[in-house]
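The following report goes through the residues, helices and side-chain pairs of one protein model, with attention to what is buried and what is exposed. Please keep the sequence and the coordinates at hand while reading.

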Amino acid sequence: MGKAADLSEFDRGQIAMARRLRTSITKTAQLVGCSRSAVVGIHAKWINDGDTSSRRQGVGRPCDIKEKGRRRLSRLVKQNWCQTVAQLTAQHNAGPSASVSEHTAQRTLLDMGQCSRRPTRVPLLTKRHRQLRLQWAREHRDWTMDEWKRVAWLKESQFLIHHIDDRVRAGRDGTVLWGMFSWAALGPVVVVEQTMKDANYPNIIADQLHPYMAFVFPTGNGIFHQDNAPCHKARIVLEWFEEHTDEFHSMS
């Protein structure tokens, strides 16, 4: 006869239902194919706990990294997202918490939802990019200094401020800064709180670019230069520039 530990969750549910319908212990054991003692034990567990599961609580080795250590590990990750598991483990073990292995630290990070990522290697410039840049350079190689002084340049960059060895360093993939400059004057620098898209880019050029061009190039001979990012070439953005061609021109 089958023991209680060998029964499936379905069999355990059958035992609880049969006993609830006042089926005798002997008939229930014959129905499921188990011993009478298994029926008695499972039925008692269902009455006392409301559950027939055989899972035991607290089974297995306790976690080496306690809650305080998990919080410390989380802070270390947030300070520098580019650290390896070995570096995080070394910093964790240097603190007051108990020392753990790299494997334990990695399992804890995965349990906290901190998955590692490997950057994708892509060419900095594709063949088409090189051709377009060469074409642009040839088209403007005969420009004079006075013509270049009329150009206002756009620059967008991402910065991530983190601490390494008690020093503050700036990396990529963090805060997005939008700024512009020209020969005549530096332009505004804007912190972009969200991903730059064609929905919010018109607000930036209307609030920041337009006043700058009107102030620096009051005669309307200014030229605004930007790259061919998708949000820069969106229809709503191109239409905005067409509406202001009498105030300044744009090129990319």
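C34 counts as buried, at 0% relative accessibility, and C231 is likewise buried, with a relative accessible area of 9%. The structure, which is a predicted model, holds zero disulfides.

Just before C34 in the numbering, G33 takes a positive phi of about 85 degrees, directly after helix α2. Helix α2 spans residues 25–32, and its buried residues are T28, A29 and V32. Viewed down the axis of α2, these buried residues fall within an arc of 100 degrees, so they line one face of the helix. The packing partners of that buried set are α1 (9–20) and α3 (36–49), whereas K27, Q30 and L31, on the other side of α2, are exposed.

**Overall composition**

The secondary structure comes to ten helices and five strands. Of the 252 residues in the protein, 31% are buried, and the accessible surface comes to about 17800 Å², with 52% of it belonging to carbon and sulfur atoms. Among the contacts with a separation of 6 or more, 55% are accounted for by residues 24 or more positions apart.

**Helix α10 and its surroundings**

In α10 (residues 235–243), the buried residues V237, W240 and F241 can be described in the manner used above for α2. Seen down the axis of α10, its buried residues fall within an arc of 95 degrees, so they line one face of the helix. They pack against α9 (201–216), β4 and β5 (248–251), while R235, E242 and E243 are exposed on the other side of α10.

Helix α9 contributes H210, a residue that is partly exposed, with a relative accessible area of 23%. Leaving aside its neighbours within four places in sequence, H210 is in contact with I205, W240, H244, E247 and F248; of these, W240 is one of the buried residues of α10. The C-alpha atoms of H210 and F241 are separated by 10.0 Å, although the two residues are 31 places apart along the chain.

**Aromatic pairs**

How many aromatic pairs does the structure hold? There are seven aromatic pairs in the structure, and two of them are set out in the table below.

| Pair | Distance between ring centres | Angle between planes | Arrangement |
|---|---|---|---|
| W143 and W148 | 4.8 Å | 45 degrees | tilted |
| F224 and F241 | 5.9 Å | 20 degrees | stacked |

The pair of F224 and F241 is stacked because its planes stand at 20 degrees, and planes under 30 degrees apart count as stacked. This pair links distant parts of the chain, since F224 belongs to strand β4 (residues 222–225) and F241 to helix α10, 17 residues apart. Both F224 and F241 are buried.

The tryptophan pair is set in another environment. W143 counts as partly exposed at 24% relative accessibility, and W148 also counts as partly exposed, at 25%. W143 and W148 belong, together with W136 and W153, to one aromatic cluster.

**The salt bridge and helix α6**

Side chains of opposite charge can pair when their charged atoms come close. Which side chains meet in a salt bridge here? The structure holds one salt bridge, in which the side chains of D111 and R70 meet at 3.0 Å, N to O. D111 lies in helix α6 (residues 102–111) and R70 in helix α4 (residues 67–79), so the pair ties together parts that are 41 residues apart in sequence. D111 itself is exposed, with a relative accessible area of 57%.

Another residue of helix α6 is T108, which counts as buried at 4% relative accessibility. Not counting residues up to four places away in sequence, T108 touches I65, R70 and L73. R70 therefore takes part in the salt bridge to D111 across helices α6 and α4 and is also one of the residues touched by T108.

Key: Residues numbered from 1 in each chain as written. Predicted model: local features only at pLDDT ≥ 70, side-chain atom pairs only at ≥ 80, totals over all residues. Heavy atoms only, no water. Salt bridge = Lys/Arg side-chain N within 4 Å of Asp/Glu carboxyl O. Helix = DSSP H or I, 4+ residues; strand = E, 2+ residues; numbered from the N terminus. Buried < 20%, exposed > 50% of the residue type's maximum accessible area, 1.4 Å probe, protein only. Contact = heavy atoms within 4.5 Å. Areas by Shrake-Rupley, 256 points an atom, 1.4 Å probe, with all protein chains shown as cover. Phe/Tyr/Trp six-rings, centres within 6.5 Å; stacked < 30°, edge-to-face > 60°. Disulfide = S-S within 2.5 Å. Arc of directions from axis to C-beta.
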